[in-house]
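Dear colleague,

I am handing over the structure below, together with the notes that I made on it. Please read them beside the coordinates and tell me where you would put things otherwise.

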Amino acid sequence: MQGRVLESSQTGFVVIDEHGTLALVNPQASRLLELDGDHDNHAAERGPENRLCDLFVEGAALDSLLDFVGRTNNEQSATIELASRRSSSSSASQLEVTARWMGEQDTAFPLLLSLNDLRPRQALADSLLQNAKLEDRAQQLAQTQRHNETLSECVEFLQTCTSLHEGLRLLSKFRQRFY
């Protein structure tokens with residue numbers, strides 16, 4: 001049952017042992033970290049290619065993750081940009097990483113990392129921002145249309161005026177509708 005829970009979870013889970021080996025990687029973590037192959041509960045048995053330090057481009061992403069983990073005394077979370085070596089795209093993934101030491105002491109291995117992809121959340125925020133901009137623009141266009149209709153009406157009435165005094169009186173009435 002635990003295996004099915006790990007497989008169906010939208011959160012990525014990685015367990016790291018004291019050698020930096022990925023002892024467990026669920027399917028979502030495998031997708032988020034863009035790992036090759038089928039990582040499961042037996043990841044540690046496949047050898048040293050499953051080490052944490054082998055997953056990331058250069059040292060910057062790994063340094064940021066290790067710095068975060070080093071500051072973790074029990075359970076903390078942070079947003080970290082991780083770029084996988086195996087990534088087909090040049091952009092880094094923004095992941096919310098929560099680290100929790102699972103050993104008997106506060107800083108004892110194994111270490112559990114839970115990973116949440118922030119891209120869907122960011123995409124939703126971007127969509128909401130775009131919608132707000134579109135609504136604002138629609139309101140501006142509606143106001144411009146009302147002004148144009150009022151102006152057309154004013155021009156029609158001005159064309160029927162026979163004196164300057166009559167035209168000025170008419171303009172003062174329409175002025176209130178503009179401002």
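F157 counts as partly exposed, at 39% relative accessibility, where partly exposed covers the range between buried (under 20% relative accessible area) and exposed (over 50%), computed with a 1.4 Å probe on protein chains only. F174, by contrast, counts as buried, because its relative accessibility is 5%. These two residues make up the one aromatic pair that a search of the whole structure finds, pairs being rings of Phe, Tyr and Trp (its six-membered ring) with centres within 6.5 Å, called stacked when the planes are under 30 degrees apart, edge-to-face when over 60, and tilted for the rest. The ring centres of F157 and F174 lie 6.0 Å apart and their planes meet at 40°, so the pair is tilted. It links distant parts of the chain, with F157 in helix α4 (residues 119-160) and F174 in helix α5 (residues 164-178), 17 residues apart; helices here are DSSP runs of H or I of at least four residues and strands are runs of E of at least two, numbered from the N terminus.

A word on the basis of these notes: this is a predicted model, in which local features need pLDDT of at least 70 and side-chain atom pairs count only at pLDDT 80 or more, whereas totals for chains, interfaces and linings use all residues. Residues are numbered from 1 along each chain as its sequence is written, and side-chain values use heavy atoms, with hydrogens and water left out.

As to confidence, the mean pLDDT of the chain is 76, and 65% of its residues reach 70 or more, pLDDT being the predictor's confidence in each residue, from 0 to 100. Among the elements, α4 has the highest mean pLDDT (92) and strand β3 (residues 75-82) the lowest (61). Over residues 38-49 the pLDDT is below 50, although this stretch has 22 contacts in the model beyond near neighbours in sequence, a contact meaning heavy atoms within 4.5 Å. Where pLDDT is low, the predicted coordinates should not be read in detail.

The chain has five helices and five strands, which follow the pattern α-β-β-α-α-β-β-β-α-α when read along the sequence. Of its 179 residues, 29% count as buried. Among contacts between residues at least 6 apart in sequence, 41% join residues at least 24 apart.

Strand β1 is mostly covered, since four of its five residues are buried. It runs antiparallel to β5, to which five bridges join it, and G12 stands opposite L115 in β5; two strands are said to pair if DSSP finds at least two bridges between them. β1 also pairs with β2 in the antiparallel sense, over three bridges, with I16 opposite L22 and V15 opposite L24. These two strands form a hairpin with five residues between them, and G20 in the turn has a positive phi of about 80°.

Two residues around these strands may be worth a look. T11, in the loop between α1 (2-8) and β1, is buried, with a relative accessible area of 19%. Leaving aside neighbours within four places in sequence, T11 is in contact with N26, Q28, S114, L115 and N116. S114, in strand β5, is likewise buried, at 12%, and its contacts, counted in that way, are T11, G12, F13, E96, V97 and T98.

The largest nonpolar core (buried Ala, Val, Leu, Ile, Met, Phe, Trp, Tyr and Cys residues joined through side-chain atoms within 4.5 Å) has 14 residues, of which V14, I16, L111, L113 and L115 touch the most other members. At least two residues of this core come from each of β1 (12-16), β2 (22-25), α2 (27-32), β4 (93-101) and β5 (111-117), and the largest share, four residues, is that of β4.

Finally, the structure holds zero disulfides, a disulfide being a pair of cysteine sulfur atoms within 2.5 Å. C154 is in none, as the nearest cysteine sulfur, that of C161, is 8.4 Å away, which is too far for a bond. C154 is buried, with a relative accessible area of 4%.

With best regards
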